[in-house]
2 protein chains.
Amino acid sequence: METKNFYKAIAPRPIALITTIDEKGNPDVAPFSFIMPVSIEPPIVCFSAAPQRKTLKNIRKTKEFTLNIPSKENLNKLWFCAQKYSGDNKIRDSGLTEEKSIKVKQPRIKACIAWIECTLDSEREYGDHVLVAGKVVEFDAAEDSALKTLLHIGKDKFTISGETISP
Amino acid sequence: METKNFYKAIAPRPIALITTIDEKGNPDVAPFSFIMPVSIEPPIVCFSAAPQRKTLKNIRKTKEFTLNIPSKENLNKLWFCAQKYSGDNKIRDSGLTEEKSIKVKQPRIKACIAWIECTLDSEREYGDHVLVAGKVVEFDAAEDSALKTLLHIGKDKFTISGETISP
């Protein structure tokens, strides 16, 4: 199979709605599924973004961002956030509701099930993407949030956990 | 919540059984769930490993590795691979069966549902882990493999996809 399709086999992947603000304070939100924990202590999370993404441009200006982990109840609003947008407040226009983060200026998405507030650690180019690493400065989650995490299979196909199994 | 627990909310995560060989040719296999695609073209995958992991030591010596994506049928053997091991052939002793990779020396795990063969691109330290990036040189997957991928919730809890949903 074509090697460039390898990412379809590392799936389904948890999704984060990443909130950022531009230099004027206008908020942005966009879904990313190339995300993973990279260090536990100190806590560092990373995600990979195409270089033209607004999320990346905003992070370069403000050095902060918030990862919001959505459940399936957020799917239609998340899908809006994945489309092209030219207004000035994508969070509002998507129907999502923002609330204040605790440690950073970038808002949280209220209806999500976990929130990871970050300051920029570093960025590095890998091929056609940029890997952004963020120091986790605040973390909150609903109980058993991992059982409700929205997962991306590919294109417009999503899923959530089935039954829990153990060895 | 404690920030170091943030990784529990980026879950459930796809797992890869990463196969490597040491300088004598002895094979090793170990599960990792801090993995993600990082670039599409060129295809690059990354994973994060604690610095003492044998997987990392072997990759430094041989500059190659294979990611094997397991389904739930591999759960008990995967669990064996997650424990301490001091023998000389963990693949054999786990009950897994190896077969030849196409482009690299590190074997594939036969009963898996996708295989991503890599050459080492680079490594970089992030906190208490090392991020390893691999160029994808060969990729194969069973049809609809993403619907069968074993996902790690945490500790001894795993799951697979539930129903597929769309916006």
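**Two chains meeting across an axis**

A:Ser161 faces B:Ser161, a residue of strand β12 of chain B. The model that shows this pairing is predicted. The strands around this point cross from one chain to the other: strand β13 of chain A (residues 161-165) and strand β12 of chain B (residues 157-161) are joined by three bridges and run antiparallel.

The relation between the two chains can be stated geometrically. In general, two copies of a chain are related by a rotation about an axis and a shift along it. Here, a turn of 180 degrees with a shift of 0.0 Å along the axis lays chain A on chain B, with an RMSD of 0.0 Å. That is the relation of a two-fold axis. Which residue of chain A comes closest to the rotation axis? It is A:Gly162, whose C-alpha lies at 2.0 Å from the axis. The same surface serves both copies, since 100% of the contact residues of chain A recur in chain B.

The contact itself draws 71 residues from chain A and 71 residues from chain B. Together, chain A and chain B bury about 6100 Å² between them, and 70% of this area is on carbon and sulfur atoms. On the side of chain A, the residues that lose the most area to chain B are A:Phe6, A:Phe139 and A:Pro167, which together account for 12% of what that side buries. Strand β10 of chain A (residues 129-141) contributes nine residues, the largest share of the side of chain A that touches chain B. Sorted by class, that side has 41 nonpolar, 15 polar and 15 charged residues.

What, then, is the count of salt bridges between chain A and chain B? The count is zero. Polar contacts do join the chains: 24 residue pairs are in polar contact between chain A and chain B, with both residues at pLDDT 80 or more.

Over all chains, the structure holds 16 salt bridges. As a general matter, side chains of opposite charge can pair when their charged atoms come close. One salt bridge is formed by the side chains of B:Glu23 and B:Lys61, with an N to O distance of 3.3 Å. This pair links distant parts of the chain, 38 residues apart. B:Glu23 lies in the loop between β2 (16-21) and β3 (27-32) of chain B, whereas B:Lys61 belongs to helix α1 (residues 54-62) of chain B.

Within chain A, an open sheet consists of three strands in the order β1-β11-β12, with antiparallel pairing. Its edge strands are β1 (13-14) and β12 (157-159) of chain A, each of which pairs on one side only. Two bridges hold β1 of chain A in antiparallel pairing with strand β11 of chain A (residues 151-154). In this pairing, A:Pro14 has A:Leu151 of β11 as its bridge partner.

Two backbone features accompany the strands of this sheet. The segment before β1 of chain A contains A:Pro12, and a cis peptide bond with omega of about 0 degrees joins A:Ala11 to A:Pro12. In chain B, a cis peptide bond likewise joins B:Ala11 and B:Pro12, with omega of about 0 degrees, and B:Pro12 lies in the segment before β1 (13-14) of chain B. The loop between β11 and β12 of chain A holds A:Lys155. Although A:Lys155 is a residue other than glycine, its phi is positive, near 50 degrees.

Conventions:
Residues numbered from 1 in each chain as written. Chains lettered and ligands numbered in written order. Heavy atoms only, no water. Contact = heavy atoms within 4.5 Å. Buried area = accessible area lost by both parts, 1.4 Å probe. Salt bridge = Lys/Arg side-chain N within 4 Å of Asp/Glu carboxyl O. Polar contact = N/O pair within 3.5 Å; in protein donor to acceptor, adjacent residues only side chain to side chain. Helix = DSSP H or I, 4+ residues; strand = E, 2+ residues; numbered from the N terminus. Nonpolar A, V, L, I, M, F, W, Y, C, P; charged D, E, K, R; others polar. Pairing = 2+ DSSP bridges. Least-squares fit on C-alpha atoms with pLDDT ≥ 70 in both.
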